[in-house]
Amino acid sequence: MTITETRSEAAQGRAERVRPAGNKQVNEFFELAQRVKDEGLMDRGASSYVLRVIVLTLAFAGAFVAMFTLGDSLWQLGLAALFGILFTQVAFLSHDGAHQQVFRTGKRNEWFGRVTGNLIVGLSYGWWTKKHGKHHANPNTIGKDGDIAPGAWSSSPRTLRSAPASWVGSPAGRAGCSSRC
């Protein structure tokens with residue numbers, strides 16, 4: 001589907017309600033966002049999720065059959081990678097449920113997110129929703145967004161320096177590393 005220049009009267013009415021900002025880039029973003037909404041590209045589509053769930057279910061079934069048929073083999077390493085990809089795809093479904101994108105009602109989206117997150121992936125949906133909400137409140141802000149807090153990966157030299165000394169990956173950890181490292 002392409003975005004066209006023409007808009008319906010209802011769409012023009014919605015666009016007029018958006019107050020333009022003083023910044024040209026902000027104006028362009030709001031204009032583009034409105035065009036995307038007017039074309040229906042942000043509409044919820046449970047039908048596309050039904051197809052994803054069916055494909056993932058069949059892929060999981062095939063992977064489990066392969067796991068039990070291959071037995072004790074190095075091919076199991078390939079299956080481990082496949083399972084990693086499949087579980088990640090299910091986590092994306094849970095993420096979309098948490099963002100209220102699958103169903104029209106919040107209750108159904110929450111149920112969907114809990115089942116896919118807790119039951120299938122094994123990740124606490126409640127914990128993740130709280131953590132992800134904090135991320136959206138201050139995206140990519142050092143000191144406020146836990147998703148970029150120092151850990152196995154550091155987003156800046158300042159956060160790397162503030163990493164606990166016990167981490168081998170931090171400069172302080174490497175300096176104090178003994179034979180146990």
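This dialogue goes through a predicted model of one chain, feature by feature.

Reader: Which secondary structure elements does the chain have, and in what order do they run?

Author: The model is predicted, and its secondary structure comes to 8 helices and 0 strands. Read from the N terminus, the order is α-α-α-α-α-α-α-α. Of the 181 residues in the chain, 18% are buried. Among contacts with a separation of 6 or more, 44% join residues 24 or more positions apart.

Reader: How should I read the pLDDT here, and what is the mean for the chain?

Author: Where pLDDT is low, the predicted coordinates should not be read in detail. In this chain the mean pLDDT is 78, with 71% of the residues at 70 or more. By element, helix H4 has the highest mean, 95, and helix H8 (residues 171–175) the lowest, 46.

Reader: Which stretches have pLDDT under 50, and how many contacts does the model give residues 170–181 beyond near neighbours in sequence?

Author: One of them is residues 1–11, where pLDDT stays under 50 and the model has 18 contacts beyond four places in sequence. Over residues 170–181 the pLDDT is also below 50, and that stretch has 13 contacts beyond near neighbours in sequence.

Reader: How is a pair of packed helices described, and what are the values for H4 and H6?

Author: Two packed helices are described by the angle between their axes and the distance between the axes. Helix H4 spans residues 75–98 and helix H6 residues 125–137; the angle is about 65° and the axes are 11 Å apart. The crossing of H4 and H6 is right-handed.

Reader: Which residues of H4 and H6 meet?

Author: From H4 they are Ser-94, His-95, Gly-97 and Ala-98, and these meet Tyr-125, Trp-128, Thr-129 and His-132 of H6. By class, the residues of this contact divide into 3 nonpolar, 5 polar and no charged.

Reader: Take His-95 from that list. Is His-95 buried or exposed, and what does its side chain contact?

Author: His-95 lies in H4 and is partly exposed, because its relative accessible area is 24%, between the cut-offs of 20% and 50%. Apart from neighbours within four places in sequence, His-95 is in contact with Trp-128 and His-132. With His-132 there is a polar contact, side chain to side chain, at 3.2 Å. Phe-112 is 17 residues from His-95 in sequence, and the C-alpha atoms of the two are 9.8 Å apart.

Reader: What about Asp-96: buried or exposed?

Author: Asp-96, also placed in H4, is buried, because its relative accessible area of 17% is under the 20% cut-off. Its side chain makes a polar contact with the side chain of His-95 at 3.4 Å. Leaving out neighbours within four places in sequence, Asp-96 is in contact with Tyr-49, Arg-52, Gln-101 and Val-102.

Reader: Where is Ala-63, and which residues is Ala-63 in contact with?

Author: Ala-63 is in helix H3 (residues 46–70). At 2% relative accessibility, Ala-63 counts as buried. Beyond four places in sequence, the contacts of Ala-63 are with Leu-79, Leu-82, Phe-83 and Leu-86. Ala-80 is 17 residues away from Ala-63 in sequence, with a C-alpha to C-alpha distance of 9.3 Å.

Reader: In helix H5, what does the side chain of Thr-116 reach?

Author: The side chain of Thr-116, a residue of H5, reaches the backbone oxygen of Phe-112 at 2.8 Å. Thr-116 counts as buried, at 6% relative accessibility. Its contacts outside the four nearest places in sequence are Val-90, Leu-93, Ser-94 and Val-121. Ser-94 also appears in the contact of H4 with H6.

Reader: Turning to the backbone, what is the phi of Gln-100, and where is Gln-100 found?

Author: Gln-100 is not a glycine, yet has a positive phi of about 60°. Gln-100 sits in the loop between H4 and helix H5 (106–121) and is partly exposed, with a relative accessible area of 27%.

Reader: And Asn-140: what is its phi, and is Asn-140 buried or exposed?

Author: Asn-140 has a positive phi of about 60° and is not a glycine. Its place is in the loop between H6 and helix H7 (157–161). Asn-140 counts as exposed because its relative accessibility is 57%, over the 50% cut-off.

Notes:
Residues are numbered from 1 along each chain as its sequence is written. This is a predicted model: local features need pLDDT of at least 70, side-chain atom pairs count only at pLDDT 80 or more; totals for chains, interfaces and linings use all residues. Side-chain values use heavy atoms; hydrogens and water are left out. Axes are lines fitted to C-alpha atoms, for helices over the stretch in contact, and angles run from 0 to 180 degrees between N-to-C directions. Helices (H or I, at least four residues) and strands (E, at least two) are DSSP runs, numbered from the N terminus. A crossing is left-handed if the near helix is turned anticlockwise from the far one by less than a right angle, and right-handed if clockwise. Contact means heavy atoms within 4.5 Å. Ala, Val, Leu, Ile, Met, Phe, Trp, Tyr, Cys and Pro count as nonpolar, Asp, Glu, Lys and Arg as charged, and the others, Gly among them, as polar. pLDDT is the predictor's confidence in each residue, from 0 to 100. Buried means under 20% relative accessible area, exposed over 50%, partly exposed in between (1.4 Å probe, protein chains only). A polar contact is a pair of N or O atoms within 3.5 Å; within protein, one must be able to donate a hydrogen and the other to accept it, and residues adjacent in sequence count only if both atoms are side-chain atoms.
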